[in-house]
Amino acid sequence: MFVPVLAVLAGGVAALVAYASSRPAEFRVQRRGRIAAPPRDIVPHLDDFRAWAAWSPWEKLDPAMQRTYGGPARGVGATYAWDGNKKAGAGRMEITRSDDRGVAMTLDFTRPMRATNITEFALTPDNGGTEVVWTMNGSNNLMGKLFGVFVNMDQLVGRDFEKGLASLKAVSEGSSSSAGAAS
């Protein structure tokens, strides 16, 4: 009785691993929103990691999170590392491009799982405002593929992108209206 149960369990695990292995190696999470501000009023919230506290959906996951900033204060070469509780995890970001068309960065997670992803905020002027497209691209190793069998990454991360875009909209439109009032 014990041997057949083990055989069934081993077969189930083998089938799960085979199924996970057949899943795509690459993933993409993308959300878009419209902000009633020009790109020049949005970029400072993206290419200065200290400004992320005002809008990033992950900044509030761990009030005791350790943050380290490096490189220039903003723009290409600026870095941000974090180490937090199990919700926040740990990792590092580095800005690789920053201009009026958007901001791109390399995103390295070290905990809970190791991964390197490319994140981009594309900014396109649109009818007096800006269309913002937030994208994260990465590769799935076998562990990532197994995780993806049980958790829909697009929905999981996409919800955070949606919250972040709504907060980015609020801070960018606030800075745009105060800049407009000052002129």
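**Exercise 1.** In which strand is the place of Arg 31? Then decide whether Arg 31 is buried or exposed.

*Solution.* The model is a predicted one. Step one: find the strand. Arg 31 sits in strand E1, which covers residues 26–35. Step two: take the relative accessibility of Arg 31, 16%. Step three: apply the cut-off. Buried means under 20%, so Arg 31 counts as buried.

**Exercise 2.** Find which side chain makes a polar contact with that of Arg 31, and list what else Arg 31 is in contact with.

*Solution.* Start with the polar contact. The side chains of Arg 31 and Glu 162 are joined at 2.8 Å. Now set aside the neighbours of Arg 31 within four places in sequence. The contacts of Arg 31 then include Val 132, Val 133, Trp 134, Phe 161, Glu 162 and Leu 165. Asp 154, Gln 155 and Gly 158 complete the list.

**Exercise 3.** Classify the aromatic pair formed by Trp 134 and Phe 161, and place both residues in the chain.

*Solution.* Count the pairs: rings with centres within 6.5 Å qualify, and the count comes to 13 aromatic pairs. For Trp 134 and Phe 161, the values are 4.0 Å centre to centre and 5° between the planes. Planes under 30 degrees apart count as stacked, so this pair is stacked. Next, locate the partners. Trp 134 lies in strand E7 (residues 129–139) and Phe 161 in helix H4 (residues 153–182). They are 27 residues apart, so the pair links distant parts of the chain. Last, check burial. Trp 134 is buried at 1% relative accessible area, and Phe 161 is buried at 2% relative accessibility.

Definitions and conventions. Residues numbered from 1 in each chain as written. Predicted model: local features only at pLDDT ≥ 70, side-chain atom pairs only at ≥ 80, totals over all residues. Heavy atoms only, no water. Phe/Tyr/Trp six-rings, centres within 6.5 Å; stacked < 30°, edge-to-face > 60°. Helix = DSSP H or I, 4+ residues; strand = E, 2+ residues; numbered from the N terminus. Buried < 20%, exposed > 50% of the residue type's maximum accessible area, 1.4 Å probe, protein only. Polar contact = N/O pair within 3.5 Å; in protein donor to acceptor, adjacent residues only side chain to side chain. Contact = heavy atoms within 4.5 Å.
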